[in-house]
Amino acid sequence: MHEMAIMETVVDIVVEQAKLADAKKVTGVKLRIGELRDIIDSLMEKCFCFMARNTVADEARLEIEKVPFVIKCNQCSCECHEHISNYASMICKNCKSSDIRMISGNEFFIEEIELI
Amino acid sequence: MEAFRVIEVKQSIFENNDRKADELRKELKQKKNFLLNLMSSPGAGKTTTLTKTIANLKDEFRIGVMEADIDSDVDAQIIALTGVKTIQLHTGGMCHLDADMTKQGLDNLGIDDVDLTILENVGNLVCPAEFDTGASKNAMILSVPEGHDKPLKYPLIFTVCDALIINKIDVLPYFDFNLEKVKEYAYMRNPDLKIFPVSAKTGEGIEKWCDWLRSQVIDWNGFTAR
């Protein structure tokens, strides 16, 4: 539901970057989104198309790269990779410690922009 | 043929909101105002829990409440009956509040004569979790009829909250709600979460929740309760 609000920010940043780069047109935008983020990719694309109308990014291709959820245990150094649908856990699967740090999964970045 | 260029941006989509949220937190700290962002799904009992919380703490702190809803002012009317300063924010269809909207709300409420502001966010377990409002602490309410599986279904909100209130424990005998399971699932998402089983209706457990909130306000504002 909040995809539209997020896309408004994405398009704002893209338009600003295109202006700084003196670009005529934006042809592609690549996002990096962590698996922990509650985002629907297909809805993101629709919102992007809508928000980008009449801007330099009109008809640009949107690419979404998903970043896996990974935690590392501070106690036993075990690295746990667990897909969100298998219940992302903040507890180490190996030694059951909650003394962990998150390596990835929370990202929400504009990675790169393709311009002419 | 025109050449394509690729520029690396690596800019966080939430950067702008996160920066504004940090600025707001700094301002609140300076003004000695503790802001609690209270989230839940619709009907979990935010307003009832709030009226009980206000009754418990209003002799100690000057309280202000911001009610965020898509439409109507029914919640603000109920809160106004408690005698604390209240405003209703209309999000006009928006499913969450961001730092900008929170700041506008605080400016309208006026926080110079307030020690504790409570923001009742839009009823929703998904979108509000994504946006930092600038609050000092985040809390959420999960009610018994919603089921104990919610930390599995809505992970993010459980990871961003400092406290989880489990409301409507007075109806536990009528539902297949497992209190131990919900704690296990919630701790899995967030081992530091403070969990408070309460019944806003009967008042059971409200005192423990208020003890936690009181200590957070005192910590943040750096003063002892009146």
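This report walks through chain B of a predicted model, from its overall build to its contact with chain A.

## Ground rules

Because this is a predicted model, local features need pLDDT of at least 70 and side-chain atom pairs count only at pLDDT 80 or more, while totals for chains, interfaces and linings use all residues. Residues are numbered from 1 along each chain as its sequence is written, and chains are lettered from A and ligands numbered from 1 in the order in which they are written.

## Chain B at a glance

Chain B has nine helices and eight strands. Those labels are DSSP runs numbered from the N terminus: H or I over at least four residues for a helix, E over at least two for a strand. Along the principal axes, the C-alpha atoms fill a box of roughly 75 × 45 × 35 Å. A compact globule with 226 residues would have a radius of gyration near 17 Å, and chain B agrees with that at 18 Å. This radius is taken over C-alpha atoms, and the globule rule is 2.2 Å times the number of residues to the power 0.38.

Of the 226 residues in chain B, 45% count as buried. Buried here says that 20 or more other C-beta atoms lie within 10 Å of the residue's own; exposed is 12 or fewer, partly exposed is in between, and C-beta atoms are placed from the backbone. Now take the contacts in chain B between residues at least 6 apart in sequence: 76% of them join residues at least 24 apart. A contact is a pair of residues whose C-beta atoms, placed from the backbone, lie within 7 Å.

## Strands β2 and β5

β2(B) is mostly covered, with seven of its seven residues buried. In a regular strand the side chains alternate between the two faces of the sheet. For β2(B), one side has B:F34, B:L36, B:L38 and B:S40, the other has B:L35, B:N37 and B:M39, and all are buried. β5(B) is mostly covered too, with five of its five residues buried. Its two sides carry B:L116, B:I118 and B:E120 on one and B:T117 and B:L119 on the other.

How do these strands link up? β2(B) and β5(B) run parallel and are joined by five bridges; strands count as paired if DSSP finds at least two bridges between them. B:L35 has B:T117 as its bridge partner, and B:L36 stands opposite B:I118. β2(B) is also joined to strand β6 (residues 137-143) of chain B by five bridges, again parallel, with B:S40 partnered by B:I141. As for β5(B), five bridges join it in parallel to strand β3 (residues 63-69) of chain B, where B:M66 is the bridge partner of B:L119.

## The loop before β5

B:G110 is in the loop between α4 (99-109) and β5 of chain B. Is B:G110 buried or exposed? B:G110 is exposed, because just 11 other C-beta atoms lie within 10 Å.

## Helix α9

The 16 residues of helix α9 (residues 206-221) of chain B should span 22 Å at 1.5 Å a residue, and its end C-alpha atoms are indeed 22 Å apart. The expected span is 1.5 Å times one less than the number of residues. Its buried residues are B:I206, B:W209, B:L213, B:V217 and B:W220. Seen down the axis, they fall within an arc of 70 degrees, so they line one face of the helix; the arc is that of the directions from the helix axis to the C-beta atoms.

Turned away from that buried side are the exposed residues B:E207, B:D211, B:S215 and B:D219. Among the elements of chain B covering the buried residues of α9(B) are β2 (34-40) and β5 (116-120), along with α1 (15-30). After α9(B) comes B:G222, whose phi is positive, near 70 degrees.

## Where chain B meets chain A

The contact takes 25 residues from chain B and 27 residues from chain A. On the chain B side, β1 (5-12), α5 (127-130), α7 (155-160) and α8 (179-189) each supply at least two residues. β1(B) gives the most, with eight residues. By class, the chain B side has 14 nonpolar, five polar and six charged residues. Here Ala, Val, Leu, Ile, Met, Phe, Trp, Tyr, Cys and Pro count as nonpolar, Asp, Glu, Lys and Arg as charged, and the others, Gly among them, as polar.

β1(B) also pairs with strand β6 (residues 108-115) of chain A, in the antiparallel sense and over six bridges. Within that pairing, B:Q11 is the bridge partner of A:I110.

Key. Two residues are in contact if their C-beta atoms, placed from the backbone, lie within 7 Å.
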